[in-house]
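Let's take a walk through this structure together, one piece at a time. Keep the 3D view open and turn it as you read.

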Amino acid sequence: MIRYLFSIVVFSIFLLAGSVQAQERPPVFMLNLADDHVAITTGFNGTQVKVFGTKMSKEINPVIVLEGPRRDVVMRRKKRILGIWLNLEAMTFKETPALYKIAAKAGVLDKLGEEVRFKEELGAAYLRLTPKKKKLRDDYVRFRRALLSLKNEKGLYSTEIGEIKNISDVFYKTSFTLPANLPRGEYTVRGYAVVDDVIIDQQTLTFRVHQDGIAADILEYAEEKPALYGIIGVLIAIIVGWGATQVLRRD
Amino acid sequence: MHIYLPIAEVSIPVELFLGMALMVGFISGVFGVGGGFILTPLLIFSGIPPAVAVATQSNQLVASSITGVLGHLRQGNVDIKLGLVMLAGSSLGSIVGICLFSLLKYLGQIDVVIAVSYVSMLSIIGSLMLIDVINARLKIVKPKEGRERSWYRRLNERLPYKMRFNRSRIYISALMPAGIGFVGGMLTAVMGVGGGFILVPAMIYMLRMSPLMVAGTSLFQIIFTSAFTTILHAIVNKSVDMLLAVILVVGGAMGAQFGVRFAKYVSGIQARTALSLMILAVALRLAADLVVEPEQIYSIVVRG
């Protein structure tokens, strides 16, 4: 209780100080990205997302969450029937982030407490992962565990908590590693300013992950003009097939 | 050199796939058949998702059939009227096949269905070839077929819409070639094979066409069917990987050229033995993959 009051007092002082000399003091907490987009080229093998920012004092602990686009995800489970392994069971999870990483100084997240962590989804294990249809609890637990485990194996979710480096009392930075099989789309970076066990401020930024180069053009055609794409494919096949006979006939 | 395939969403060594296509093209050059039903399983073994393998293979099929068709057209071995009737059937078959494909994909069962279909088909073809070769080695001659009316001839007499096909010199119900075409279309759509191994015997025995006309007309049918199926796959399932297709087409076309030249030096029986054994080996491997407990029983599919 005392700690809670203490943080409120500290926060109020910061707020007052900030409002009195608004132009000269830095804001309580600021978040910045080194790049506002990631281009996946043909030889892409993963990259880093660099996050940095300012905070008003050293009491403030930043917690940074990186999330990929949220989509519905179907988990399937194989079972053996008549000797063959078939996909027999399935569960759909709504609005699942394609990628999830978190960074914070040691102990900060634990101090926040389970309730806050679940509410703000701080940590891959704390993602809500709502099933689309009502399921038995045992089934839900199994599928949920499998989802987190598979995502972890693919390097898309991280059970580890990344490091946040304090460059000084007011500057901090961190970076996230993105794997080679990076899903495309809009990513969000959520930054929280935490004092003791209270979140005092929050900021969200977005950046795009998109494909670049020949692969991107091909994909775009395939998705947006599929008939044309198919026809071109057939034409290429005809031309190359015919060409090969002509070329080798000259021998 | 590794290339990332945008639609298959895997990174592949180009040389491996070029080599596979070359080898399969070579085989098809030597034997006149083969290609689709060997290449598609090989693609699947190499990590290409079955749905993408089937769709991309139908694209490759267009290229490998082109040379044959042009040659046959020039020599007048194509019964165009019959071919068009078959095409009517196969277009419908492709559409039905693609719908089935999409449904199975949505249900998460497409991989298993493709694998099971291939295991059945390859084991039947491989065994028949092997039996054929064994008979030839043991110099067993099969007795001539009796003169009784087989089931398809009786069926043919009952069916309506009889038409005269002058090139092939037959008078049959149009529903028969259309029906054969329908089956061929479905096979192309669901399995990515040309269907020649079904079309050719069916046309010889059920339609009673001369083998020469069968060769040209079936190629005519296959080429248009695979082109149509490729476009449908691209539109409906978006699973045609153009980059992979180009690699396969180039390798396959070159391999076929070498194969055709090499055909003279190959002893028929030895070659057919090797081919039948290889087909059976592929069938066995596919079956094993179906039956062995997978490393990971869970899988993720992202929707929307």
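## A network of charges in chain A

The side chains of A:R70 and A:E121 meet in a salt bridge, with 2.8 Å from N to O. This pair ties together distant parts of the chain: A:R70 sits in strand β5 of chain A, while A:E121 is in the loop between α3 (114-120) and α4 of chain A, 51 residues apart. Keep in mind that you're looking at a predicted model.

A:R70 has another partner too: A:E67 forms a salt bridge with A:R70, and here the closest N and O atoms are 2.9 Å apart. Zoom out a little and you'll find that A:E67, A:R70, A:E121 and A:R190 are linked in a network of salt bridges. General chemistry helps here: side chains of opposite charge can pair when their charged atoms come close.

Which of these residues are buried, and which are partly exposed? A:E67 counts as buried because its relative accessibility is 4%, under the 20% cut-off. A:E121 is buried as well, at 6%. A:R70, at 30% relative accessibility, counts as partly exposed.

## Helix α4 of chain A

Now move on to helix α4 of chain A, which covers residues 137-153. This helix has 17 residues and reaches 24 Å from its first C-alpha to its last, close to the 24 Å expected at 1.5 Å a residue. Just after α4(A), A:G155 takes a positive phi of about 80°.

There's a salt bridge to spot here: A:D139 pairs with A:R142, the closest N and O atoms being 2.6 Å apart. Why are A:D139 and A:R142 separated by about one helical turn? Because they are three residues apart in helix α4 of chain A. As a rule, an α-helix has 3.6 residues a turn, so residues three or four places apart point the same way. A:D139 is partly exposed, with a relative accessible area of 22%, and A:R142 is partly exposed too, at 27%. Over all chains, the count comes to 10 salt bridges.

What about the buried residues of this helix? They are A:Y140, A:F143, A:R144, A:A146, A:L147, A:L148, A:L150 and A:K151. These residues pack against β5 (70-81), β6 and β8 (157-162) of chain A, together with β5 (298-303) of chain B.

## Nonpolar cores and a surface patch

Time to look inside. The largest nonpolar core has 59 residues, and A:V63, A:M75, A:L182 and A:F207 touch the most other members. A second, separate core of 44 residues includes B:I27, B:I110, B:A115 and B:M121.

What does A:V63 touch, not counting residues up to four places away in sequence? Its contacts include A:I102, A:A103, A:A104, A:V108 and A:L109. A:R190, a member of the salt-bridge network, is also among the residues that A:V63 touches.

Nonpolar residues turn up on the surface as well: A:M1, A:I2 and A:L5 make a nonpolar surface patch of about 390 Å². A:L5 is found in helix α1 (residues 2-20) of chain A. With a relative accessible area of 45%, A:L5 is partly exposed.

## Helix α11 of chain B

Over in chain B, helix α11 (residues 268-291) has 24 residues. From its first C-alpha to its last, this helix reaches 35 Å, close to the 34 Å expected at 1.5 Å a residue.

Its buried residues are B:A271, B:T273, B:L275, B:S276, B:I279, B:V282, B:A283, B:L286 and B:L290. What do they pack against? They meet β6 (84-97) of chain A, together with α1 (14-31), α2 (36-45) and α5 (110-137) of chain B. Try picking out B:T273: it is buried, with a relative accessible area of 16%, and it touches B:V133 and B:R137, not counting residues up to four places away in sequence.

## A strand at the start of chain B

Last stop: B:I3, which lies in strand β1 (residues 2-5) of chain B. Is B:I3 buried or exposed? B:I3 is buried, because its relative accessible area of 17% is under the 20% cut-off.

Leaving aside residues up to four places away in sequence, B:I3 touches B:V10, B:S11, B:I12, B:V14 and B:L243. For a sense of scale, B:I3 and B:D132 are 129 residues apart in sequence and 42 Å apart in space, C-alpha to C-alpha.

Note on methods: Residues are numbered from 1 along each chain as its sequence is written. Chains are lettered from A and ligands numbered from 1 in the order in which they are written. This is a predicted model: local features need pLDDT of at least 70, side-chain atom pairs count only at pLDDT 80 or more; totals for chains, interfaces and linings use all residues. Side-chain values use heavy atoms; hydrogens and water are left out. Helices (H or I, at least four residues) and strands (E, at least two) are DSSP runs, numbered from the N terminus. The expected span of a helix is 1.5 Å times one less than its number of residues. Buried means under 20% relative accessible area, exposed over 50%, partly exposed in between (1.4 Å probe, protein chains only). Contact means heavy atoms within 4.5 Å. A nonpolar core is a set of buried Ala, Val, Leu, Ile, Met, Phe, Trp, Tyr and Cys residues joined through side-chain atoms within 4.5 Å. Patches are made of residues with over 30% relative accessible area and no salt bridge: like charges are joined within 9 Å, nonpolar side chains (Val, Leu, Ile, Met, Phe, Trp, Tyr) within 5 Å. Accessible areas come from the Shrake-Rupley method with a 1.4 Å probe; for residues, only the protein chains shown count as cover. A salt bridge is a side-chain nitrogen of Lys or Arg within 4 Å of a carboxyl oxygen of Asp or Glu.
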